[in-house]
Amino acid sequence: MADELNTNAGPGTGPAAVDRLFAGGTVLCDGAMGTMLYARGVFINRCYDELNLSQPELVREIHTEYLQAGAEVIETNTFGGNRFRLGLHGLQDKVREINLAGVALARACVNQILEKQASEAFVAASIGPLGVRLEPLGKVGLEEARAAFAEQIRALVEGGPGVGADLLIVETMTSLAEAEQVILAARSEAPGTPVIVMMTVDEDGSCLDGASAETAATKLTEWGADAIGCNCSAGPATVLSVIERMRPLTKLPLAAMPNAGIPRAVEGRTIYLTSPEYMASFTRKLVKAGASIVGGCCGTTPSYTRAMKSSLRALDAMEGGAQVMERAGSNKTAAMAGSKVEPPALAGRSKIGGMVAAGEFVTMVEIVPPKGIDCSKELDGAAQLHRLGVDAINVPDSPRASARMSAQSLCVQIQQHVGIETILHYTCRDRNVLSIQSDLLGASSIGLKNILCLTGDPPKLGNYPNATAVFDVDAIGLVNIVHNLNYGLDIGKNSIGESTGFAIAVAANPGVQDMDHEVRRFAYKVEAGAEFAITQPVFDMRVLEEFLRRIEGFRIPVIAGIWPLTSLRNAEFMKNDLRVSMPEEIMKRMGAVSSPEAGRAEGVKIAQEMLAEARPMVQGVQVSAPFGRYSVAADVLGLSGEKVDGLVEVA
């Protein structure tokens with residue numbers, strides 16, 4: 001089977017292509033193989049490397065999942081593919097066969113992905129420690145160890161570029177002596193193949209043979225590794241400290257692939273408690289500390305890879321055009337500096353931008369696009385609200401991952417037929433970065449100048465849970481894309497000629513349970529270029545006050561979201577399904593009403609109270625129109641009028 005799969009070199013492979021991995025840009029590798037195999041029911045007493053022969057489809061599935069999650073480099077299932085470790089299972093004579101099959105499976109997956117996505121991906125041969133002690137502490141001599149590594153490496157690179165492995169990743173090395181032997185073997189058996197060597201360390205950041213991180217960096221550099229670093233260990237924080245200590249000692253690229261923290265026994269199961277989001281936050285820190293090759297180790301899965309990918313895209317966008325030019329240092333990027341344009345002041349970009357800049361109190365009402373092609377009700381509602389004096393209409397982008405008319409289309413129709421300014425909600429869920437840029441350029445061209453940058457609800461929350469989500473970037477990355485477009489730079493930092501002139505808004509959720517996480521993300525959004533914020537519905541003024549206090553150091557104008565409740569069931573939905581902070585007093589008030597009409601009236605009264613209390617703290621209010629009842633939104637704002645056919649007519 002291995003020979004059958006190993007027949008064709010894949011596109012985007014070869015020495016020139018692999019050089020990109022070591023050119024200074026950030027590269028994302030995959031996560032754990034063993035964790036995934038164990039989760040699929042393979043017992044730990046099995047030889048995982050042998051699965052390349054006996055259960056190839058299982059290994060192939062895992063490789064494919066990592067590639068689909070955004071990994072640019074996948075490691076072969078050959079971590080223990082040396083004669084000492086295979087010998088524990090009586091497989092010492094199958095070194096070549098197992099390693100050939102491991103590379104072939106990974107190569108087939110890469111080729112398949114490349115054909116579908118036309119993007120580069122690479123096969124890295126995973127080489128782990130021998131699992132035995134070397135002299136003078138053990139019985140295995142240095143030459144014997146080198147021979148074992150050489151045997152494995154010959155099989156891993158057999159067939160040459162595009163057939164054999166593109167590069168070697170030597171990982172979880174516990175001693176420098178063993179690391180030296182694998183480097184010598186690699187230089188002998190695969191002289192043209194790049195080698196990444198990573199040590200594993202204890203909680204103090206020292207190699208398990210007692211060598212310091214600084215010594216490891218110096219020695220591995222001297223011995224001829226192409227990149228060095230740290231993997232596994234005690235989790236992201238420990239690996240970060242090692243990268244920070246290694247950086248001053250070498251000019252080589254640094255690799256960081258932490259595990260998902262130290263595993264814990266929970267109710268009889270061994271699990272890793274570090275979340276994908278936590279790993280993603282450390283990915284940014286690792287890159288900022290100097291790592292350019294990042295990935296995951298034990299406990300990480302494709303969900304971690306996906307989160308890390310999003311984090312890296314956001315970080316790349318956050319750098320900004322000028323910073324990228326300065327860091328790159330090339331003549332080409334230096335020449336681009338002159339193409340950066342200064343956007344108009346916020347006050348000159350839109351009516352809402354002008355009001356925010358002037359400190360005026362802004363009133364907005366949310367109008368959700370229809371599920372069909374008839375938006376006459378929405379246009380009528382916008383017209384009525386415009387006549388009453390509402391400043392702008394907010395248009396959500398398929399909220400709750402529902403299939404609706406595009407927000408951009410409804411915004412254009414409202415502005416053209418009604419004349420009131422709109423705020424376009426724009427999510428990352430459905431678009432890759434190319435589509436995002438195209439949409440934004442088009443939106444600016446047709447006069448949409450206010451944009452609310454959102455990550456977006458995942459499809460599983462909507463009517464079509466099996467729909468594919470994109471999430472090339474999250475809200476932070478989207479803000480950076482819009483910010484750069486405002487400075488006349490596209491996603492590649494190339495000139496687009498002029499500013500798109502957007503007023504950039506972001507969302508905030510004062511009532512979220514993990515306030516620390518929300519505040520950190522809000523700070524990133526502000527750093528990326530956000531100019532004002534719109535909150536999720538607020539029912540508890542204490543959480544709004546606390547959020548505003550927490551963001552005092554990076555405060556931008558905040559517009560409070562107000563949602564007039566319609567019933568107790570509506571309040572329960574907000575509390576339990578949407579996880580909105582809902583005081584018990586409000587639940588009691590909504591539960592005490594005697595009729596649907598009384599429930600709506602009580603909801604308006606509560607919303608008016610929320611608005612009055614929030615007004616001194618914020619720079620505006622966005623009122624939702626529950627179930628398309630625009631008159632209810634007008635009532636909350638205290639606009640003078642009387643109800644006509646469910647809408648509000650000017651008095």
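Picture a 1 Å grid laid over the protein atoms alone: a cavity is a set of points where a 1.4 Å probe fits but cannot get out, and its lining residues have an atom within 4 Å of a point. Grid points are joined across faces, edges and corners, and a volume is the space filled by probe spheres set on the points. The idea behind it is simple: rolling a probe the size of a water molecule over the atoms shows where empty space is left.

Before we use that, a word on what you're looking at. This is a predicted model, where local features need pLDDT of at least 70 and side-chain atom pairs count only at pLDDT 80 or more, while totals for chains, interfaces and linings use all residues. Residues are numbered from 1 along each chain as its sequence is written, and side-chain values use heavy atoms, with hydrogens and water left out.

Now the holes. Counting cavities of 30 Å³ or more gives 2. The largest holds about 40 Å³ of space, and its lining includes Asn509, Pro510, Phe539, Asp540 and Val580. By class, that lining splits into 6 nonpolar, 3 polar and 1 charged. Here Ala, Val, Leu, Ile, Met, Phe, Trp, Tyr, Cys and Pro are nonpolar, Asp, Glu, Lys and Arg are charged, and the others, Gly among them, are polar. The second largest cavity has about 30 Å³ and is lined by Leu21, Phe22, Val27, Cys29, Val73, Leu167, Ile196 and Ile293. That lining has 8 nonpolar residues, with no polar and no charged ones.

Zoom out to the whole chain. It has 26 helices and 20 strands, taken as DSSP runs numbered from the N terminus (H or I, at least four residues, for helices; E, at least two, for strands). Of its 651 residues, 56% count as buried, meaning under 20% relative accessible area, with exposed being over 50% and partly exposed in between (1.4 Å probe, protein chains only). A contact is a pair of heavy atoms within 4.5 Å. Among contacts between residues at least 6 apart in sequence, 77% join residues at least 24 apart.

What about the nonpolar interior? In soluble globular proteins, nonpolar side chains tend to be buried together. A nonpolar core here is a set of buried Ala, Val, Leu, Ile, Met, Phe, Trp, Tyr and Cys residues joined through side-chain atoms within 4.5 Å. The largest one has 84 residues, and Ile393, Ile414, Leu440 and Phe522 have the most contacts inside it. Apart from it lies another core of 80 residues, among them Ala145, Val170, Val182 and Leu254. Back in the largest core, Ile393 touches residues including Val365, Ile367, Leu385, Ile414 and Ile423, leaving out those up to four places away in sequence.

Val182 also turns up among the buried residues of helix 9, along with Leu176, Glu178 and Ile183. The buried residues of helix 9 pack against strand 3 (122–127), helix 8 (142–157), strand 4 (167–173), strand 5 (195–199) and helix 10. The geometry of helix 9 (residues 176–189) checks out too: its 14 residues should span 20 Å at 1.5 Å a residue, and the end C-alpha atoms are 20 Å apart, so the two agree. That expected span is 1.5 Å times one less than the number of residues.

Next, follow helix 10 (213–222) into the loop that leads to strand 6 (227–232), where Gly224 lies. Gly224 counts as partly exposed because its relative accessibility is 27%. Not counting residues up to four places away in sequence, Gly224 touches Ile183 and Arg187. Its C-alpha is 8.6 Å from that of Leu184, although the two are 40 residues apart in sequence.

Some backbone oddities come next. Most residues other than glycine have a negative phi, and most peptide bonds are trans. Cys232, in strand 6, has a positive phi of about 60° and is buried at 13% relative accessible area. Ser233, in the loop between strand 6 and helix 11, has a positive phi near 65° and is buried at 12%. Elsewhere, a cis peptide bond joins Glu135 and Pro136, with omega about 10°. Pro136 sits in the loop between strand 3 and helix 8.

How values were computed:
1 Å grid on protein atoms, 1.4 Å probe; cavity = no way out; pocket = protein on both sides within 12 Å on 5 of 7 lines; lining within 4 Å.
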